[in-house]
Amino acid sequence: MKKWLALGCLLVSGWLHAEPLPPDVLAALKLAKIPISHIGVIVKEVGAHNNTIELNPSQPMNPASTMKLLTTYAALELLGPAYTWKTEAYLDGELDNAGVLHGNLVLKGYGDPKLTLEQFWLWLHELRQRGLREITGDLILDRSAFDLPLHDPYAFDGDGARAYNVGPDALLLNFNAIRFRFFPNGSHVGVVTEPQLGGIVLDNRLTRVQDGVCSDWNDRIRVRLNGTALTVGGEYPVHCGERDEYLNLLPNGDYALAVFRSLWLEMGGSLHGSVRNERTPSSARLFSAHYSSPLAEQIRDINKFSNNVMARQLFLTLGMQSAPSTLAGSEQILRNWLRKKNLHFPELQIENGAGLARSDRITPQHMAQLLESVLSSPYQAEYEASLPIMGVDGTVKKRLNGSGAAQHAHLKTGTLGGVKAIAGYVHAQSGKQYILVFIINHPAAGAGQAAQDALVHWVWQNF
């Protein structure tokens with residue numbers, strides 16, 4: 001009698017209300033050798049009092065890139081979807097009627113996450129149209145809007161050349177990435193870079209080979225930058241056709257100078273000096289300002305394609321109300337915002353806003369609570385539109401293709417070594433909307449995608 005009374009109390013309190021994991025999900029976890037003690041799951045109908053499924057809901061876990069869900073939500077509410085970033089050009093010297101600047105050109109950044117090569121070209125073209133042709137002095141880069149420790153691109157995983165390891169910068173240009181395109185070219189392998197880098201010479205030493213699998217083609221290529229020589233060596237399997245690789249090889253200031261030199265020369269301009277990283281001199285006068293695309297557009301790139309450096313730029317932008325912005329200042333503003341929204345996440349640890357951190361933590365329950373809070377935000381539509389659509393685009397474009405759940409789930413993914421996460425919304429075939437959070441923290445997490453996909457399909461099919 002006491003046993004049944006205790007069970008009844010548990011049922012009333014809601015502790016046993018949630019259903020167990022579906023059999024297909026359990027089978028996939030067993031196949032991947034991931035114990036359920038290392039996963040956190042929440043499935044909850046929007047507006048319902050209790051969770052439909054919950055497993056380890058209060059366990060702090062590393063969410064990997066699903067942490068971007070918090071950063072982008074905070075940015076929409078604190079900055080607004082129409083927020084834009086500016087980048088300014090100043091003349092530190094006199095510009096004569098012949099287009100000669102007797103002094104320095106200053107570029108001052110305010111953290112634009114997406115100042116792409118195309119946008120930079122258009123802006124430099126405008127500077128030429130305004131009458132600037134020759135710069136007798138230096139290119140001064142004012143990056144003082146962010147106050148950051150020196151970034152070590154090798155600190156996270158030792159692979160500093162990967163584009164995801166680019167650090168934030170108040171004057172970030174083209175994600176600081178060099179796009180290498182490899183292609184068979186007769187008896188040779190062709191290599192071109194985008195952008196072209198002024199003052200740097202490409203030395204192509206690639207060897208053409210007929211064997212090898214295409215899944216690891218880039219592991220057979222070596223790229224080294226030594227001074228002004230960019231050497232590409234190794235072997236390229238020609239049956240792989242054309243392939244692209246994005247690499248981070250230059251410090252931000254050197255990259256900006258190399259790109260500026262190349263584009264400016266193409267436009268008929270000249271730069272006599274070098275590059276300096278300094279604050280804008282008080283004597284300089286504003287010459288032109290470039291404005292970014294609005295925040296609502298930028299968060300689509302951040303969430304759909306899990307762009308780490310853009311997320312880091314956005315996180316630091318939260319702290320711009322007190323210049324210069326710092327990581328600690330941005331974190332405090334985000335925590336104050338959470339508190340005002342009555343979102344109390346005492347376990348929350350957030351290092352850079354992108355989820356590219358081993359120390360980040362949040363519970364599955366609080367991630368679900370965050371997602372439910374979005375639904376009452378005036379910017380809910382902009383937020384949900386930024387999430388990848390299962391089987392359609394972004395990081396889930398190739399997942400659940402052919403399943404009825406495809407096109408019916410907006411889900412952000414997260415992947416690190418030992419972490420596999422997915423979180424967002426599933427629109428069930430009944431017409432009801434569900435919040436889904438599924439985080440795996442285990443050495444075999446990479447094999448857990450099948451279990452996550454099985455849960456997404458199950459929610460769509462059974463409700």
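Call a residue buried when its relative accessible area is under 20%, with a 1.4 Å probe and protein chains only. By that cut-off, 53% of the 463 residues in this chain are buried. Keep in mind that you're looking at a predicted model.

Now for the overall shape. Laid along the principal axes, the C-alpha atoms fill a box of roughly 95 × 60 × 35 Å. The radius of gyration is 25 Å, which agrees with the value near 23 Å that a compact globule of 463 residues would have.

What is the chain built from? It has 11 helices and 19 strands. As for how the pieces meet, take the contacts between residues at least 6 apart in sequence: 71% of them join residues at least 24 apart.

Turn to the outside next. The accessible surface of the chain comes to about 20,500 Å², and carbon and sulfur atoms account for 52% of that. On the charge side, there are 41 positive and 43 negative charges, and the mean positions of the two sets sit 5 Å apart.

Finally, zoom in on one bit of local architecture. Strand S11 covers residues 221-226 and strand S12 covers residues 229-237; the two pair in the antiparallel sense, over six bridges. If you want one of the bridges to look at, start from arginine 224, whose partner in S12 is threonine 231. Which residue in the turn of this hairpin has a positive phi? That's glycine 227, with a phi of about 65 degrees, in a turn that leaves two residues between S11 and S12.

Key
Residues numbered from 1 in each chain as written. Predicted model: local features only at pLDDT ≥ 70, side-chain atom pairs only at ≥ 80, totals over all residues. Heavy atoms only, no water. Helix = DSSP H or I, 4+ residues; strand = E, 2+ residues; numbered from the N terminus. Rg over C-alpha atoms; globule rule 2.2 N^0.38 Å. Buried < 20%, exposed > 50% of the residue type's maximum accessible area, 1.4 Å probe, protein only. Contact = heavy atoms within 4.5 Å. Areas by Shrake-Rupley, 256 points an atom, 1.4 Å probe, with all protein chains shown as cover. Lys, Arg positive; Asp, Glu negative; His and termini not counted. Charge placed at Lys NZ, Arg CZ, Asp CG, Glu CD. Pairing = 2+ DSSP bridges.
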